[in-house]
Amino acid sequence: MPGRFMRKSLPIISCFVLGAFGEAPAQFGVSPGQDGGFMREMHGRHQGGDAEDPLGEDRVLMEQMQAMGAPHYLNNSLFSSVRRQGDLTGFQGLFSPGHGGLSPWSGTVVRPGDVGESGYAASLDQAFEWNRMAGNDFYLSTTSLSVAAATGDIHGNGRLALNAAGGVSLTEDDDLLLSSADGHAAWFLLPGSSLTYDVQRGPWSLTLYDRLSARPGSILSVNTFFQTALQNDLGLVLSREITSSVTAAFNYNWASSQPYGNKFRSGYGLQSYSERDLHSILLSLSWQASSRLLLGLEGGRSWNDQESEFYADGRLWHAGGFAEARLPWRHQLRLTAGVQGMSFEEPPPQFIFLSPPLVDPTPAFITNNTGDGNDLSTSPAYSLTLRGRLTERLVHELSAGYEASLAQLTNYVQSHYVNESVQADLWRGATLGLGGFYEWAESSGYSGGSYAFFANQVSRYGGMARFQQNLGDVTVAVGWGYAKSLTSSDSRYLPRGGYSADDVRGWLPYGDQEQQVVSASLSWRCHPRSTVRLAWEYLNSRLRDVPGWQASQSRVQLGMRFTF
């Protein structure tokens, strides 16, 4: 194809060094969609590799477009997914990622290179950022290291592999407080960073994995709070080929989460918001009906144990079937359908604190627990993903579904979602990506059941576009995105003693919000192993329920990547 050799993005973490934090599918046990996606990933891993992605190298460009305005601990983004709020490993984007859960590599976090005879590949990124928020200027330095390494033989003594990306951000500004080192540092490890061991013996395949993620946070002023999370996922996947076309698999995972970092955390009642242990057992039975069709059954059960009595411990289960088909017109179709349920402990008696609230108080300053005693009775869950090539120059991906998942300030959230992405080759070296999304989510306790203090209903929709032009060793990219969020509460569940409904709506994120993001970047491959990048991002946000309230944020970053 003309210009195809010029289309590949320069090898530097896209947009911002941490711009795609949390794009990997991560937490097991949170929702049926994430559980099923991981089991199908492991099926491909144990069968000798995942099926070829029909999007090919356009996957990288599409994920860079989808990352427009992606949530991050250094921006105030609305481009986040309500249905993934219970996943503590990262800041979840709106699109379903097309890559796996046991590595951080994606279109926005570029693998440092292929592991050759040396057994490893590594890259070092250094970035300097100017960030203007709330009328204040902040300066940061971010250093990150990406490593891919492997040794051994999967059919011999086993293969040990490391795929990880992480680093640290530093600042000397006292008004911007980061989540460690008394507010002057934030260290991070991207979701999917993992150490794995794979071995095969006859019909048996075993994968042991240890996955660590560190999600930092920041405080823009003394009256704003953040939530940090340090999580370790330890687990194993054991599969057996029953026949040449039928495979059974078992996964056990223990996810241990806790907050980390800042001395300011304890002053804001956030000590145990991120402290929990989530144990999950997942089972699947798959049948390779033909070279183009994979059918199967899957199910799982999770035990969620919270450290704090602010939240209720819960038990989750799901069961269903799935189908994956390679269609004749260069498309891949994935369908899942099943049922799920959740049960939670009854919360202790709830009371509302009557002391005068701070500006933007944390939930623990308002009440002693969520007050949510709702269980999820047997409920449907389904999803559809269709991806492929429409023409030689045009690819697309459609995702839609409905499921319930763990929430943060209520027991669970039920969500309908649909998103579509299109990636096109325009002319030699030029590409255009377009994306749109819609998500409707309702918290447990919003429209019925028992009292739920923080219950709400959210509708979120928007779109984005990204244009890129490659000129030899130089790449220029510009992007735009728009998101609108409509959030409402049920006045029956707002407190009475000492507070009015308007008071509470002023503290919590109710009402209409909209946001636009514009970005531009310039990359130059100055050496076969080095790339220099200049990037700019601007976010403009507005709360429609507050006349005249508007906030803007600008970020400029100069970075360099060196590949070893």
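Asp137 is partly exposed, because its relative accessibility of 31% falls between the 20% and 50% cut-offs. Its partner tells a similar story: Arg132 has a relative accessible area of 35%, so this residue is partly exposed too. The side chains of Asp137 and Arg132 come together in a salt bridge, with 2.6 Å from N to O. Please keep in mind that you are looking at a predicted model.

**Charged pairs**

How many salt bridges does a search of the whole structure find? The search returns 16. Three of them are set out here for quick reference.

| Pair | N to O distance |
|---|---|
| Asp137 and Arg132 | 2.6 Å |
| Arg555 and Glu129 | 2.8 Å |
| Glu324 and Arg334 | 3.7 Å |

Let us take the pair of Arg555 and Glu129, whose side chains form a salt bridge at 2.8 Å. This contact links distant parts of the chain, as Arg555 sits in strand β23 (residues 550–563) and Glu129 in strand β1 (residues 120–133), 426 residues apart. Are these two residues buried or exposed? Both Arg555 and Glu129 are buried.

Next comes the salt bridge between Glu324 and Arg334, at 3.7 Å from N to O. Glu324 belongs to strand β13 (residues 314–327) and Arg334 to strand β14 (residues 331–344), so the bridge ties together parts that are ten residues apart in sequence. Glu324 has a relative accessible area of 15%, which is under 20%, so this residue counts as buried. Arg334, in turn, is partly exposed because its relative accessibility is 31%, between the two cut-offs. The pair also belongs to a network: salt bridges with shared partners join Arg40, Glu298, Glu324 and Arg334.

**Nonpolar cores**

From charges we can turn to the nonpolar side chains. In soluble globular proteins, such side chains tend to be buried together. Here, the largest nonpolar core holds 15 residues. Which residues have the most contacts inside it? They are Tyr73, Leu74, Leu140, Leu176 and Leu178.

Strands β2 (136–153) and β5 (185–189) each contribute at least two residues to this core. The biggest contribution is that of β2, which supplies three residues. Another core lies apart from this one and has 14 residues, including Met65, Leu78, Leu94 and Leu539.

Key: Residues numbered from 1 in each chain as written. Predicted model: local features only at pLDDT ≥ 70, side-chain atom pairs only at ≥ 80, totals over all residues. Heavy atoms only, no water. Salt bridge = Lys/Arg side-chain N within 4 Å of Asp/Glu carboxyl O. Helix = DSSP H or I, 4+ residues; strand = E, 2+ residues; numbered from the N terminus. Buried < 20%, exposed > 50% of the residue type's maximum accessible area, 1.4 Å probe, protein only. Core = buried A, V, L, I, M, F, W, Y, C linked by side-chain atoms within 4.5 Å.
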